[in-house]
Structure formats: C-alpha cells, structure tokens
Amino acid sequence: MDVLKKLTKEYSLWLSLLTVVTISFFEHTLASSTVGNLIGLGIIFVVIIYSAMAVAHHAEMLAEKFGEPYGTLILTMSAVLVEIVIIVIMMMHADNANLARDTIYSAIMLDINGLLGLAAIIGGLKYGEQPYNVDSSNSYLSMLLVAIGIAMVLPEFLDAQYHMRFMMFNVIVFVMLYAIFTRVQLKSHKYFFEYKDTQECEDGHCHSEDINPWYHSFVLLLSIVFIGVLAEILSLFMNHTLAHFGLPLAIGAVMVAVISAAPELITAIRAAVDNRMQTVINIALGASLATVLLTIPAVIVVSYMMNLELNLSLSPIQTMMISLTLLVSMVNFNDGETNVLEGFLHFILFVVFCFLLFV
C-alpha cells in the first residue's frame with residue numbers, strides 16, 4: 001500500500017501517460033499544420049524534460065543509498081540509456097545517417113563545455129577553488145581520447161568498403177573498454193574517483209536507511225520507457241518542424257543531447273554549489289565517456305540489424321571542436337582544482353559550439 005501511495009505522487013509518470021494518450025489522439029491534426037507541429041513539439045519536449053528530471057531524482061536517491069562512485073555511475077548510465085532510446089527511435093523514423101554522430105558530439109560539448117564549465121564558474125564564484133581527485137580526470141580524459149579517436153576520427157582514413165567491418169570491430173572493443181573501465185572505477189582503483197574532504201555525516205552514516213532501491217529503480221526504468229514512447233512521437237513533429245523552417249538537422253541532435261543531459265546538469269549544479277567538484281567531474285567526464293562507449297555500439301548494432309545508414313566520422317569542424325575541448329581539458333584538469341577561469345574557457349567553447357550550429 002505504501003508503494004502504491006508513492007506511485008500516485010509520481011506526477012511525471014501520470015503526465016507522461018496523459019500526454020501519450022492525448023497527443024496520439026490528436027497527432028494527425030497537429031501534424032497537418034505548422035502551428036500544430038510547434039505546439040506538439042513544445043509540449044512533448046517539455047514533458048520529456050520533466051520526465052528526465054524524475055530520472056535524475058530517482059538516480060540521486062539510488063546514489064545516496066549506494067554512495068560514490070556508484071551514485072554518479074547510476075546517474076550517467078540512466079542519462080545514456082535515455083539518450084540511446086531516443087537516438088534509436090529517431091534513427092528508425094528519420095532519414096539522417098549523421099543523427100547518432102551529431103548527438104554524441106553534442107552530448108560531449110554539453111557535458112564537458114556546458115555542464116562542467118557552468119558548474120566550475122558557479123562553484124568558483126562561491127568558493128574560489130574547488131578540489132577534486134586529479135586521478136579521475138586523467139583517467140576519463142585518456143579514455144575519451146582513445147575512444148573518440150578510434151570510433152569517430154580514424155574511420156575518415158579508412159576506405160569506405162571497410163567501414164562496416166571496422167564499426168562491428170568497434171562494438172567488441174568498446175564493450176571490453178567499458179567493462180574494464182567500470183571494474184577499475186568500482187573495484188581496483190575506486191579511490192581514483194573519490195575525494196575525501198573534511199565534511200562528515202552528522203550521525204556517521206552517509207547513506208539513508210529509508211531509501212527503497214527497488215522502488216526507485218522501478219520508477220526510474222518506467223520513466224525511461226515513457227521517455228522512449230514520447231521520443232517516437234517527438235521525432236515526427238521534430239522532422240516536420242525542421243523541414244518547414246529549413247533548420248539544420250543537427251538541431252534535432254542537440255535537442256536529444258539536451259534531454260539526456262538535463263538530469264546530469266541539475267545534479268552537477270547542486271554538487272558545485274555544495275562544493276562537491278568530484279561529483280561534477282564524475283558526472284561530466286563520466287557521462288561523456290559513457291556516451292561514447294555505450295551509445296556507439298548500440299547504434300552500430302541497431303543500424304546493422306535494421307539496415308540503416310550510419311556515419312560516425314566527425315566533420316572537420318567537429319574534429320576541431322572536440323580536439324580543442326580535450327586539449328583545454330588536459331591543461332585545466334591536471335592540478336586537482338577548478339576555478340572561474342577554467343570554467344569560463346570551457347563555457348566559451350560551448351558558446352562557440354552553439355554559434356556553429358547555425359553557420
């Protein structure tokens with residue numbers, strides 16, 4: 001009975017269900033006009049963001065229950081799962097071979113330059129400098145360099161006839177990489193991703209005894225299912241709207257990245273305000289790594305099974321932006337402390353990324 005009572009207060013689930021039923025009933029009417037497309041797109045996008053907030057909340061409850069680095073791993077895995085669901089559904093409905101590539105690129109820009117940059121600015125203004133474990137940033141960045149280089153840069157130098165074979169090879173390599181990295185993160189080198197500060201829990205226990213992990217896991221997964229259903233409807237309105245206004249298809253990829261990054265952004269900002277920069281580092285860099293290592297194999301398998309065209313090779317501009325991002329990250333995140341200047345540099349790169357969408 002207690003669980004049922006809690007479920008009645010999961011407003012995002014009920015709103016998602018109501019939206020699916022209502023929009024499905026009026027789908028053809030809305031899709032037949034420009035104004036209707038905009039209304040449908042706006043409503044579904046807002047509801048998906050609201051549902052993503054619910055994902056963030058339940059992921060945070062699980063994080064509080066199990067502690068770090070399990071907490072941020074659960075959060076980033078939840079966000080990446082949302083991203084994979086939306087990308088796969090939209091790939092099935094949109095004739096856009098670059099959708100997955102543009103979404104992964106946008107997610108990296110949002111996580112490292114947007115999320116981490118903004119968090120470092122906010123935390124720097126409040127605390128001056130915020131410490132974290134430098135071993136974590138070094139580990140994440142080295143993995144990102146290898147993964148992005150293999151999957152999104154190297155294919156540009158291969159003959160087209162070998163692309164599919166190389167992508168299937170990458171599926172195996174990336175699953176192995178993520179399995180090894182997760183073991184390192186959770187077992188052998190768990191201390192790399194923790195930062196011991198002077199704050200102690202008042203009662204000596206940092207994990208709540210009252211949190212029901214089964215309940216929060218169930219609602220989290222159910223929220224992701226609803227997001228997937230809403231994403232299928234969203235793809236229809238998004239394609240019509242972008243085509244009508246002649247907007248770049250990359251904007252659709254950015255919207256997918258924004259949806260998946262929304263839970264992480266809220267959690268990261270809260271962590272920065274609470275002077276927990278280690279959590280921000282784990283979320284921003286961890287989410288980027290999970291996006292590359294998990295999303296890429298998923299979209300490769302789906303594209304192969306459904307005979308969809310897929311292009312993961314970065315464009316010259318994207319290659320330059322990611323190179324700048326990783327280079328600045330290696331310079332900034334090698335001393336174990338963040339400040340306003342470092343955050344501002346990354347946020348400027350995010351502003352440039354937004355500008356280049358329309359150029």
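## Helices, burial and a nonpolar patch

Leu220 lies in helix α8, which covers residues 213-245. The model described here is a predicted one, and every value below was computed from it. With a relative accessibility of 7%, Leu220 counts as buried, because buried means under 20% relative accessible area. When residues up to four places away in sequence are left aside, Leu220 touches Val55, His58, Ala59, Leu62 and Ser78. Leu220 can also be compared in position with Ala271, which is 51 residues away along the chain, and the C-alpha atoms of these two residues are separated by 21 Å.

Among the residues that Leu220 touches are Val55, His58, Ala59 and Leu62, and the numbers of these four fall within the range of helix α3, residues 34-66. How far apart are the end C-alpha atoms of helix α3? They are 47 Å apart, and this agrees with the 48 Å that the 33 residues of the helix should span at 1.5 Å a residue, because the expected span is 1.5 Å times one less than the number of residues. At the N-terminal end of α3, Ser33 acts as a cap, with a side-chain oxygen that lies 3.0 Å from the backbone nitrogen of Gly36.

Two other residues, Thr182 and Ser323, have side chains that reach a backbone oxygen, as the table shows.

| Side chain | Backbone oxygen reached | Distance |
|---|---|---|
| Thr182 | Tyr178 | 2.7 Å |
| Ser323 | Thr319 | 2.7 Å |

The place of Thr182 is in helix α7, residues 163-188, while Ser323 lies in helix α11, residues 316-332. Are these residues buried or exposed? Thr182 counts as buried, since its relative accessibility is 18%, whereas Ser323, with a relative accessible area of 39%, is partly exposed, because that class lies between the limits of 20% and 50%. Ser323 and Ile148 are 175 residues apart along the chain, and yet their C-alpha atoms are separated by 9.9 Å.

The surface offers a further feature to examine. A nonpolar surface patch of about 610 Å² is made by Met92, Met164, Val301, Tyr304, Met305 and Met306. Which helix gives the most to this patch? Helix α10, residues 277-305, does so, with three residues. Tyr304, one of the residues that make the patch, has its place in helix α10. With a relative accessible area of 51%, Tyr304 is exposed, because exposed means over 50%.

Terms used: Residues are numbered from 1 along each chain as its sequence is written. This is a predicted model: local features need pLDDT of at least 70, side-chain atom pairs count only at pLDDT 80 or more; totals for chains, interfaces and linings use all residues. Side-chain values use heavy atoms; hydrogens and water are left out. Patches are made of residues with over 30% relative accessible area and no salt bridge: like charges are joined within 9 Å, nonpolar side chains (Val, Leu, Ile, Met, Phe, Trp, Tyr) within 5 Å. Accessible areas come from the Shrake-Rupley method with a 1.4 Å probe; for residues, only the protein chains shown count as cover. A salt bridge is a side-chain nitrogen of Lys or Arg within 4 Å of a carboxyl oxygen of Asp or Glu. Helices (H or I, at least four residues) and strands (E, at least two) are DSSP runs, numbered from the N terminus. Buried means under 20% relative accessible area, exposed over 50%, partly exposed in between (1.4 Å probe, protein chains only). A polar contact is a pair of N or O atoms within 3.5 Å; within protein, one must be able to donate a hydrogen and the other to accept it, and residues adjacent in sequence count only if both atoms are side-chain atoms. Contact means heavy atoms within 4.5 Å.
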